[in-house]
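Biologist: Could you take a close look at one part of this model, the second largest pocket, and then follow the helix packing that involves its lining?

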Amino acid sequence: MSDTVSNTEDHRPRVAAQRRERTRRRLIESALVAFSRHGIGVTVIPEVIASAGVSQGSFYNYFRTNAELLEAVGDALNLDMFSSIENAIGAIGDPLARMSTGIRSYLHLVRSIPVVAQFLAGAGVALVDKKSPVFDHFPADLKAAVKSGRISEANVEVAMELVAGAGLMAVHRIAKSKTPRDYPERITRAILRSLAVPEQEAVALTSTALPKTAIEPESLLEKAKDWQSLQTPSR
């Protein structure tokens with residue numbers, strides 16, 4: 001009898017923690033959609049509470065401000081995107097090929113999920129300032145490319161600003177207008193050329209087939225895709 005009671009007591013904190021995590025995740029999913037609709041300068045808390053189906057008191061057990069909610073969405077989205085892209089490009093040995101493939105994969109992923117594009121375009125510099133993990137690995141690749149003489153910009157920080165700045169503008173354009181299928185390749189090629197990569201090599205680096213970017217079933221990206229499909233009228 002005592003063993004049964006003990007097992008039940010041990011089980012309750014774990015179940016409660018799982019329930020809290022599910023609620024927190026639901027709030028983040030609802031916030032992604034709300035921020036995508038209204039932008040990051042608008043208070044979305046009432047909409048998130050209604051969409052997630054929680055009470056106001058319950059919401060404030062997880063997030064105190066709109067800014068905290070935005071940060072949580074950015075962190076979760078960045079982590080999911082980084083994981084998907086890193087799994088796809090991790091085996092590429094050449095640093096310049098890995099970087100250019102990462103940029104292309106990122107932009108194609110953004111392009112494939114409009115709600116994500118809208119959120120990233122609205123968040124903009126706020127996410128780059130937080131040093132998105134999608135870009136965390138690029139400095140090492142840039143340093144290796146500089147050392148080998150394949151790019152001329154010896155200041156890696158400046159090179160990263162070129163990459164991040166062009167990436168931000170590309171995401172904004174993807175979110176706000178219709179872009180051609182090869183738009184990520186065009187942007188990546190322009191980034192490489194701005195780093196003094198010869199045109200022929202830049203073309204070659206952006207002409208290879210992209211590795212498959214897998215999205216985890218329970219990731220924020222997958223939830224965004226599901227929500228997007230519900231908003232798209234069937235033909």
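**The second largest pocket and its helices**

Modeller: The residues that line the second largest pocket divide into 6 nonpolar, 5 polar and 2 charged, and this description, like everything that follows, refers to a predicted model. The pocket has a volume of about 210 Å³, and its lining is made up of 13 residues, among which Pro114, Ala117, Gln118, Ile174 and Ala175 lie nearest the centre. Four helices each supply at least two residues of that lining, namely H1 (2-38), H6 (114-123), H10 (156-176) and H13 (220-231). The largest share, 4 residues, comes from H6, and it is therefore useful to begin with H6 and the helices that pack against it.

Helix H5, which spans residues 95-112, has an axis that comes within 5 Å of the axis of H6, and the two cross at roughly 110°. An angle of this kind makes H5 roughly perpendicular to H6. On the H5 side the contact involves Tyr106, Val110, Arg111 and Ser112, which meet Pro114, Ala117 and Leu120 in H6; by class, this contact has 5 nonpolar, 1 polar and 1 charged residues. Pro114 and Ala117 thus appear in the contact with H5 and also among the residues that lie nearest the centre of the pocket.

Helix H4, residues 66-89, packs with H6 at an angle of about 125°, with the axes 12 Å apart, and the two helices are therefore oblique to each other. Their crossing is left-handed. Here Leu70, Val73, Gly74, Leu77 and Met81 in H4 meet Val116, Phe119 and Leu120 in H6, and the contact, sorted by class, has 7 nonpolar, 1 polar and no charged residues. Leu120 in H6 takes part in this contact with H4 as well as in the contact with H5.

Turning to H10, another of the helices that supply the lining, its packing partner is helix H9, residues 138-147, and the pair meets at an angle of about 120° with the axes 10 Å apart. That angle makes H9 oblique to H10, and the crossing of the two is right-handed. Phe138, Pro139, Leu142 and Lys143 in H9 meet Val156, Ala159, Met160 and Val163 in H10, in a contact whose residues divide into 7 nonpolar, no polar and 1 charged.

Definitions and conventions. Residues are numbered from 1 along each chain as its sequence is written. This is a predicted model: local features need pLDDT of at least 70, side-chain atom pairs count only at pLDDT 80 or more; totals for chains, interfaces and linings use all residues. Side-chain values use heavy atoms; hydrogens and water are left out. On a 1 Å grid over the protein atoms alone, a cavity is a set of points where a 1.4 Å probe fits but cannot get out, and a pocket is an open set with protein on both sides within 12 Å along at least five of seven lines; lining residues have an atom within 4 Å of a point. Grid points are joined across faces, edges and corners, and a volume is the space filled by probe spheres set on the points. Ala, Val, Leu, Ile, Met, Phe, Trp, Tyr, Cys and Pro count as nonpolar, Asp, Glu, Lys and Arg as charged, and the others, Gly among them, as polar. Axes are lines fitted to C-alpha atoms, for helices over the stretch in contact, and angles run from 0 to 180 degrees between N-to-C directions. Angles under 35 degrees count as roughly parallel, over 145 as roughly antiparallel, 65 to 115 as roughly perpendicular and the rest as oblique. A crossing is left-handed if the near helix is turned anticlockwise from the far one by less than a right angle, and right-handed if clockwise. Contact means heavy atoms within 4.5 Å.
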